[in-house]
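Me: I should like to understand the reasoning behind the terms used for this structure. Please set each value against its cut-off before drawing the conclusion.

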Amino acid sequence: MSYKFATTVSAIAVICVALSQGCSKSEDVRPEEKQGRAVYLEYCSQCHSLREPNTHTAAEWPDVVRRMRTHMAEKKRKELSDEQAGQLLVYLKGHAKK
Ligand code: HEC
């Protein structure tokens, strides 16, 4: 495989990754919510299927997340740091039930 060909292939691969992330089905996730959404996907599907952010209001989410963190500790699953919990709440509140 020539060097030029390899370079072209990797350039295309990089563009594909960039496009797939840009167009992921995560409907309008604002930049400040990206981190929280990553936390959500990684931590909130450990015990049950993901619950949609619009199943609770912004006022309700902090209590639900607090309860989930107790479950995580009790069931010895991966736990959220305070920083991650904060990021998660930015995402959940941004898409909460109105
Ligand atoms: C350690 C296991 C565990 C993890 C991880 C977990 N949950 Fe739960 N979740 C539960 C259990 C057990 C229940 C049912 C009892 C309850 O509601 O507290 C539940 C219930 C729920 C409910 C329905 C109850 C309600 O108040 O609406 C929602 C919504 C929910 N979880 C959201 C989340 C979110 C968001 C995350 C990520 C932060 C998460 N869960 C992570 C164990 C977990």
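**Reasoning from value to term**

Reply: To begin with one residue of this predicted model, Met72 belongs to helix H3.

Me: Why is Met72 called partly exposed?

Reply: Met72 has 17 C-beta neighbours inside 10 Å. A residue is buried with 20 or more such neighbours and exposed with 12 or fewer. The count for Met72 falls in between, and therefore the residue counts as partly exposed.

Me: Which residues does Met72 contact, apart from its neighbours within four places in sequence?

Reply: Met72 is in contact with Arg77, Lys78, Glu79 and Leu80. As for Tyr43, 29 residues away along the chain, its C-alpha atom is separated from that of Met72 by 9.2 Å.

Me: How is Arg69 classed, and what makes it so?

Reply: Arg69 lies in helix H3 and has 17 C-beta neighbours inside 10 Å. That value is under the 20 required for a buried residue and over the 12 allowed for an exposed one, so Arg69 is partly exposed. Beyond four places in sequence, Arg69 touches Glu79, Leu80 and Ala85. The C-alpha atoms of Arg69 and Tyr43 are 10.0 Å apart, with their positions 26 residues apart along the chain.

Me: How do you know that the length of H3 agrees with that expected of a helix?

Reply: H3 has 14 residues, and at 1.5 Å a residue it should span 20 Å. The expected span is 1.5 Å times one less than the number of residues. The C-alpha atoms at the ends of H3 are 20 Å apart, so the two values agree.

Me: What is notable about phi in Lys76, and is this residue buried or exposed?

Reply: Lys76 follows H3 and lies in the loop between H3 and H4. Its phi is near 55°, a positive value in a residue other than glycine. With 7 C-beta neighbours inside 10 Å, Lys76 meets the limit of 12 or fewer and therefore counts as exposed.

Me: What makes Pro31 exposed?

Reply: Pro31 is in the loop between helix H1 (3-22) and H2. It has 6 C-beta neighbours inside 10 Å; the limit is 12 or fewer, so Pro31 counts as exposed. The C-alpha atoms of Pro31 and Tyr91, 60 residues apart along the chain, are separated by 10.0 Å.

Me: Why is Tyr91 called buried?

Reply: Tyr91, in helix H4, has 24 C-beta neighbours inside 10 Å. The requirement is 20 or more, and therefore Tyr91 counts as buried. Outside four places in sequence, Tyr91 is in contact with Glu33, Gly36, Arg37, Tyr40 and Pro53. Between the C-alpha atoms of Tyr91 and Glu33 there are 4.7 Å, although these residues are 58 apart along the chain. In the protein as a whole, buried residues make up 15% of the 98 residues.

Me: Why are H2 and H4 described as roughly perpendicular?

Reply: The axes of helix H2 (residues 34-43) and helix H4 (residues 82-94) cross at roughly 105° and come within 7 Å. Angles of 65 to 115 degrees count as roughly perpendicular, so the term applies to H2 and H4. Where they meet, H2 contributes Gln35, Gly36, Arg37, Val39 and Tyr40, and H4 contributes Gln84, Gln87, Leu88, Val90 and Tyr91. By class, this contact has five nonpolar, four polar and one charged residues.

Me: Which residues come nearest to the ligand, and which helix gives the most to the shell around it?

Reply: Of the 16 residues around the ligand, Cys44, Cys47, Arg51, Met68 and His71 come nearest. Helix H3 (residues 61-74) gives the most to the shell, with six residues. The shell divides into eight nonpolar, four polar and four charged residues.

Me: What is the pattern along the sequence, and what share of contacts joins residues 24 or more positions apart?

Reply: The protein has four helices and zero strands, and its pattern reads α-α-α-α. Of the contacts with a separation of 6 or more, 76% are between residues 24 or more positions apart.

Conventions:
Residues numbered from 1 in each chain as written. Predicted model: local features only at pLDDT ≥ 70, side-chain atom pairs only at ≥ 80, totals over all residues. Helix = DSSP H or I, 4+ residues; strand = E, 2+ residues; numbered from the N terminus. Contact = placed C-beta atoms within 7 Å. Near = placed C-beta within 6 Å. Nonpolar A, V, L, I, M, F, W, Y, C, P; charged D, E, K, R; others polar. Axes fitted to C-alpha atoms, helices over the stretch in contact; angles between N-to-C directions. Parallel < 35°, antiparallel > 145°, perpendicular 65-115°, else oblique.
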